[in-house]
Amino acid sequence: MQLPKFVEVYLHALLSAPWRFTLMYLSLVSKKSHDYLTRNLRKKYNFKEILKLLLSKRKLDEGYIIIDETDVDKSFGEKLPRLGWIFSNRKKKYIFGLHIVVAVWTNGEITIPLNWKIYKKGGEETKLDLAEKLINYCLLNLNIHPKAFLFDSFYASERILKHLLKLNQNFVSQVHKNRKLNNLEVRQINMGRPYWTKTGNLTGNIKVKIVKNRRKYFISNQLNQTREKQLATYKLRWRIEEVFRFTKKELGFEKCQVNTLHGQTTHFGVCFLLYGLLQDIAEKTQMTDYQIKLEATLNPCYAKSLNIMAYLQPA
């Protein structure tokens with residue numbers, strides 16, 4: 001698949017933009033008119049297929065799939081559909097914006113965004129509906145067979161866990177302290193002890209090994225896995241938080257002010273694509289993605305020398 005010309009132009013503009021991501025500034029960086037950027041942002045692009053270009057060089061079955069959500073602050077965007085007042089765990093307050101549910105693949109070193117769904121507050125689909133669709137997409141469309149799915153306590157619902165078991169998939173997740181194991185809340189098990197491990201059934205007859213580590217509880221259906229391995233596996237879930245942090249801080253994930261949902265979706269897609277490309281480049285150059293972005297911002301010649309499109313070629 002050939003990358004659409006506009007996506008390539010916009011990707012290079014985000015790579016080189018020095019921390020200001022208005023369309024006016026991106027037009028200066030890309031040497032394209034403001035109207036050109038606005039008009040093409042509003043077009044629809046198949047980012048499922050575009051993001052697949054990042055996967056061809058990876059041994060996907062040797063990694064993990066992480067599902068989580070992030071809030072997107074759109075205080076300026078009253079005309080955008082799907083916006084509303086949502087609670088931001090990141091900012092610890094209500095913001096006017098939207099939530100997106102995201103799936104990424106990681107092997108602990110490289111993290112690649114796979115797909116995302118925009119959540120509409122009060123709409124027909126819940127976040128769990130969207131998470132289930134992302135699970136099906138990763139397994140059935142991308143044909144990835146991960147070592148396990150990783151998510152936080154919200155997505156460790158009975159419905160999601162049963163869906164994964166039905167598909168013969170492994171999972172590692174955190175759970176709330178009031179989750180019941182063998183009909184007893186986990187916080188009431190071995191009360192006073194900061195560390196313990198126990199096997200039992202969650203509500204819904206879901207057999208798991210549960211590990212308490214200080215004040216937190218972690219579950220897995222891999223019953224033979226050691227406590228240390230289970231905790232180490234769950235730590236990989238943080239990789240999706242790094243995606244959110246980098247794309248928001250360095251790529252202006254929340255800054256695009258185009259007033260159509262297609263435009264916002266295009267902006268999100270290019271941010272995710274650029275993040276995956278920077279992961280590839282970081283692996284080969286032994287630089288961090290932050291170092292690469294800084295160097296590309298300060299030195300336009302360096303940005304061109306990266307030949308970033310070469311990293312989208314099949315292995």
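**Exercise 1. Surface and burial**

Task: State the accessible surface of the protein, and what percentage of the residues is buried.

Solution:
- The model is predicted.
- Its accessible surface comes to about 15300 Å².
- Carbon and sulfur atoms hold 49% of that surface.
- Of the 315 residues, 55% are buried.

**Exercise 2. Overall fold**

Task: Count the helices and strands, then compare the radius of gyration with the globule rule.

Solution:
- The protein has 11 helices and 11 strands.
- Its radius of gyration is 21 Å, and the globule rule gives 20 Å for 315 residues.
- The two values are close, so the protein is as compact as a globular protein of that length.
- The C-alpha trace spans about 65 × 40 × 35 Å along the principal axes.
- Take contacts between residues at least 6 apart in sequence: 61% of them join residues at least 24 apart.

**Exercise 3. Disulfides**

Task: Find the number of disulfides, and explain why Cys138 has no bonded partner.

Solution:
- A search of the whole structure gives zero disulfides.
- A disulfide needs two cysteine sulfur atoms within 2.5 Å.
- For Cys138, the closest cysteine sulfur is in Cys271, at 20 Å.
- That is too far for a bond.
- Now check burial. Cys138 is buried, at 0% relative accessibility.
- Cys301 is exposed, at 58%.

**Exercise 4. A nonpolar patch**

Task: Name the residues of the nonpolar surface patch, and place Leu298.

Solution:
- Trp19, Leu294 and Leu298 make the patch, about 330 Å² in area.
- Leu298 lies in helix α10, residues 289–298.
- Its relative accessible area is 59%.
- Exposed means over 50%, so Leu298 counts as exposed.

Technical notes: Residues are numbered from 1 along each chain as its sequence is written. This is a predicted model: local features need pLDDT of at least 70, side-chain atom pairs count only at pLDDT 80 or more; totals for chains, interfaces and linings use all residues. Side-chain values use heavy atoms; hydrogens and water are left out. Patches are made of residues with over 30% relative accessible area and no salt bridge: like charges are joined within 9 Å, nonpolar side chains (Val, Leu, Ile, Met, Phe, Trp, Tyr) within 5 Å. Accessible areas come from the Shrake-Rupley method with a 1.4 Å probe; for residues, only the protein chains shown count as cover. A salt bridge is a side-chain nitrogen of Lys or Arg within 4 Å of a carboxyl oxygen of Asp or Glu. Helices (H or I, at least four residues) and strands (E, at least two) are DSSP runs, numbered from the N terminus. Buried means under 20% relative accessible area, exposed over 50%, partly exposed in between (1.4 Å probe, protein chains only). The radius of gyration is taken over C-alpha atoms; the globule rule is 2.2 Å times the number of residues to the power 0.38. Contact means heavy atoms within 4.5 Å.
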